[in-house]
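Hi everyone, thanks for coming. I'd like to walk you through one protein chain today, going from the whole thing down to a few single residues.

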Amino acid sequence: MSQFGIDTLRTRRTLDVGGKRYDYYSLAAASAAGLGDLTRLPFSLKVLLENLLRWEDGRTVTVEDVKAVAAWLKDRRSDREIAFRPARVLMQDFTGVPAVVDLAAMRDAMVVKGADPGKINPLVPVDLVIDHSVMVDSFGSDTAFGDNVRVEFERNRERYEFLRWGQAAFDNFRVVPPGTGICHQVNLEYLAQVVWTGPDGDETVAYPDTLVGTDSHTTMINGLSVLGWGVGGIEAEAAMLGQPISMLIPEVVGFKMTGRMREGATATDLVLTVTQMLRKKGVVGKFVEFFGAGLDHLSLADQATIANMAPEYGATCGFFPIGPATINYLRFSGRNPERVALVEAYAKEQGLWRGSDTPEPEFTDTLELDLSSVEPSLAGPKRPQDRVPLSQAASSFRQFLTKERGGAAARSTPVSDASYELSDGAVVIAAITSCTNTSNPSVLIAAGLVARNARRIGLNVKPWVKTSFAPGSQVVTDYLEAAGLQADLNALGFNLVGYGCTTCIGNSGPLPEPIAQAIDQGDLVAAAVLSGNRNFEGRIHPQTRANYLASPPLVVAYALAGSITVDLLNEPLGTGEEGQPVFLRDIWPTNHDIQAMMEAVLTPEMFRRRYADVFRGDRAWQELEAPRSETYAWAAPSTYVRHPTFFEQGAGAGFADIIGARPLAILGDSVTTDHISPAGSIKKDSPAGRYLIEHGVTPTDFNSYGSRRGNHEVMMRGTFANIRIRNEMAPGTEGGVTRHMPDGTAMSIYDASMRYQADGVPLLIFAGAEYGAGSSRDWAAKGTRLLGVQAVIAESFERIHRSNLVGMGILPLQFKAGCTRKTLQLEGTETFDVTGLGGDIKPLMDVMLTVHRADGRVDTTPLLCRIDTLDEIEYYRSNGILQYVLRRLALAA
């Protein structure tokens, strides 16, 4: 019997590639079996269709589900719920550790239920890449990398030993050790296969490589034509354990590209333009698929850069179909020639190949970009969709500064023991970082050439700039050293600090003390410029209030200029060794120079050598002690890894009205998961800091919130603790403050939550639009649950966070058009009832919110319950998706 579905439509066929035979589920056969002409179906939906054909079993996937995808072409949208089964799961350590903690706790729960703990085991391949823990403590020296790695192991030994246990305890679970690279770049360069194969009895079945990941930028792999997106850790855990991903057949927005990039423009400039356009268009919850002749002039690395930032433009994914660029990249990155041949043959056989004569797919909606119109750009100072042309960057910052200062003049402050002052707009962090850009050799070669040209002409980085270079792959080091460019970067302070996410996720490390003091004393609006994908306030560094995304060569340029107030197109970056003014145009390389250098130094052998033994790790990793046991021996005094309480809370009461609730916080628009559950530093006077001190941890050893996601006690104290979050219930404050009602006492959100829970008071969160934007951070939902919040009421939700809330048994409720927290004039003194939850529950039903005001007035307004699918109804009824899966596995044991 097949491990896949029953194949009612009889679509299974055989493909011969180089004398090797592969079974596959034929889209052409499905078309002939009654699904009709699929030629114009978007490529991304063809991948979903194949997935349903392969798993059609009459239960979780029916023939009607299959037909619904084919019928999408009629209206170019569908309200059909389908069950998607990814081929594999990708994790990073910040989200992966709590996921493994949950799996370990689920094994304990199985033991308590008298069931087999071995049932809690991944059924699909899982790769966890440790990339989120390295911090930029040391920089600007040849020893920086070694110093940071040593400190990383000292801080995270307990977490790493836990992951070593998981690597041995679970099947289908591999760990890429620290110091190897960033998960999405490792996925792009090595893990992804484009066409996956698996055994089915005596046969080998070929099918599209698909995945979900516990990081929102999992979408990067769509640049390699692998359909995938980010999900919360809880949803990923369910997928590992055999639970399909429940989803609605998405709308697909086509993004047409024409022309080719102009001289001097980079892939970074392109993705910032695409992000701005798609955010304006509105693509949350939708697939975006790129098409048009312009794709012929993009490299695969360019495609990956664009696909990477799908979370920033709001889409579930940004998909590029298989074509010549895919095949060239697979060969270029040293993939097995047999696999490369299979990818090309399979894609052409299945109608998944984009050729010059391929008919354009039909889309729900389209928009178009002439690539020649893309100009050098930054994005900032607070959101990645806020693109600013380089020509307007300095003036844009001044406008931002005027708003921040309330019209007051710009400020300067002397720096202790230095001969210079620090001013508003000073670039104090310049970081070449993030998989978004370090996966693209063209922009890194460009950065190296800018450094070389600056060095030759006598320019130096300004002394207040903290410089760092953290590529997403060891291959980057190989080709930069082969080109001699790493020495030029080193000369300007862009020494290697680690192979990991670093500054892009807030692991930027401390600023030098004199710089930090000057910023604080002068209340300066300091800036960071980084080649990352996110710049939400409070994310990059607590002391940089203006944060700009830019290409790696522009990061180098701003480090030379030293201030975001310098107009790089018209003002000199500095003075050369002969006293001459040096402009950006004097050191910017040509496209020809960049391409020639790439062709001279990059080889497939670099990839083969670096990935030959990628799971082995260095000596420090190999020497870690890890217990070998089916269940984990929890260490009572641990402040990193603790047994979570989620599986001790029973199956839940299901749907019931919420009566007499209080608001824990009333928040504005664009509240990100960074605001809800920060990943960065822990303040010693915060609830989390006090907890750690009480448990014997000194502030110097706090590490970060992200590194302590295996400890629910730290994480729930850190929920809504971002230093920049503003609660409208406590005007004039920042950083996780609320007022406890009815007495009105100001206190931390955590402390208020504990008081409310002790009194049996249910809690609500109110917010504006785009609630939960940003990372796929499951702790933004887990922490909210542990604070006693029963529902979040917002104007709109970002896709992943809405799903996470349901997965943790929290109701996402959406204001109807024309109604907001502002139109209701909420102050925080009110109590609330949410009714209509006790009867027949349906997806996307209406419920009623009743507002009881302090003066006795009562108002009512309908809300949309954003439980979107029938499966989600069952997850919520079970108190969350993991409780649902656990109960099913225990009953089946």
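Okay, one term before we start: a residue is called buried when its relative accessible area is under 20%, exposed when that area is over 50%, and partly exposed in between. And please keep in mind that what you're looking at is a predicted model.

With that in hand, buried residues make up 65% of the 893 residues in this chain. The chain has 32 helices and 34 strands. If you lay the C-alpha trace along its principal axes, it spans about 80 × 75 × 55 Å. What radius of gyration would a compact globule with 893 residues have? Near 29 Å, and the chain has 27 Å, which agrees. Now take the contacts with a separation of 6 or more: 76% of them are between residues 24 or more positions apart.

Let's go inside. In soluble globular proteins, nonpolar side chains tend to be buried together. Here the largest nonpolar core has 304 residues, and Phe494 and Tyr771 touch the most other members. Helix α5, residues 93-112, gives this core its largest share, 11 residues.

Phe494 is worth a stop. Leaving out residues up to four places away in sequence, Phe494 touches a list that includes Ala430, Ile432, Val461, Phe469 and Leu489. Val555, Val556 and Ala559 are also among the residues that Phe494 touches. Those three names come back in helix α20, where they are listed among the buried residues. How many of the residues in helix α20 are buried? The helix runs over residues 552-561, and 10 of its 10 residues are buried. Right after α20 comes Gly562, with a positive phi near 85 degrees.

Pro552, one of the buried residues in α20, also brings us to Asn437, because Pro552 is on the contact list of that asparagine. Asn437 sits in helix α15, residues 435-438, and at 1% relative accessibility it counts as buried. Other residues that Asn437 touches include Thr268, Thr305, Ser531 and Ala550.

Next up, Arg534. Is this arginine buried or exposed? Arg534 is buried, with a relative accessible area of 1%, so it falls under the 20% cut-off. You'll find Arg534 in the loop between β22 (526-530) and β23 (544-549). Look at what the side chain does there: it makes a polar contact with the side chain of Glu312 at 2.6 Å, and another with the side chain of Ser216 at 2.8 Å. Beyond its neighbours within four places in sequence, Arg534 is in contact with residues including His217, Pro311, Cys504, Gly774 and Ser775.

Now for the aromatic rings. There are 30 aromatic pairs in total. Take Tyr420 and Trp464: their ring centres are 5.2 Å apart and their planes are at 55 degrees, so this pair is tilted. The two are 44 residues apart and link distant parts of the chain, with Tyr420 in the loop between β18 (412-414) and β19 (421-423), and Trp464 in the loop between α16 (441-457) and β21 (466-469). Their accessibility falls on either side of the cut-off: Tyr420 is partly exposed at 21%, while Trp464 counts as buried at 16%. Elsewhere, ring pairs join Phe162, Trp165, Phe170, Phe173, Tyr632 and Trp634 into a cluster.

Rings can have charges over them too. The charged end of Lys46 sits over the ring of Phe43, 5.0 Å from its centre. Over on Phe583, Arg585 lies over the face of the ring, at 4.3 Å from the ring centre.

Last one: Tyr190, in helix α7, residues 183-191. At 27% relative accessibility, Tyr190 counts as partly exposed. Where would you look for its contacts, once residues up to four places away in sequence are set aside? At Arg335, Tyr611, Val614 and Phe615. Tyr190 and Arg608 are 418 residues apart along the chain, and their C-alpha atoms are separated by 8.9 Å. Set that beside Arg534 and Leu811, which are 277 residues apart along the chain, with C-alpha atoms separated by 28 Å.

That's my tour. Go ahead and spin the model around and find these spots for yourself.

Terms used
Residues are numbered from 1 along each chain as its sequence is written. This is a predicted model: local features need pLDDT of at least 70, side-chain atom pairs count only at pLDDT 80 or more; totals for chains, interfaces and linings use all residues. Side-chain values use heavy atoms; hydrogens and water are left out. Rings of Phe, Tyr and Trp (its six-membered ring) pair if their centres lie within 6.5 Å; planes under 30 degrees apart count as stacked, over 60 as edge-to-face and the rest as tilted. Helices (H or I, at least four residues) and strands (E, at least two) are DSSP runs, numbered from the N terminus. Buried means under 20% relative accessible area, exposed over 50%, partly exposed in between (1.4 Å probe, protein chains only). A charge sits over a ring if NZ of Lys or CZ of Arg is within 6 Å of the ring centre and within 35 degrees of the ring normal. Contact means heavy atoms within 4.5 Å. A polar contact is a pair of N or O atoms within 3.5 Å; within protein, one must be able to donate a hydrogen and the other to accept it, and residues adjacent in sequence count only if both atoms are side-chain atoms. A nonpolar core is a set of buried Ala, Val, Leu, Ile, Met, Phe, Trp, Tyr and Cys residues joined through side-chain atoms within 4.5 Å. The radius of gyration is taken over C-alpha atoms; the globule rule is 2.2 Å times the number of residues to the power 0.38.
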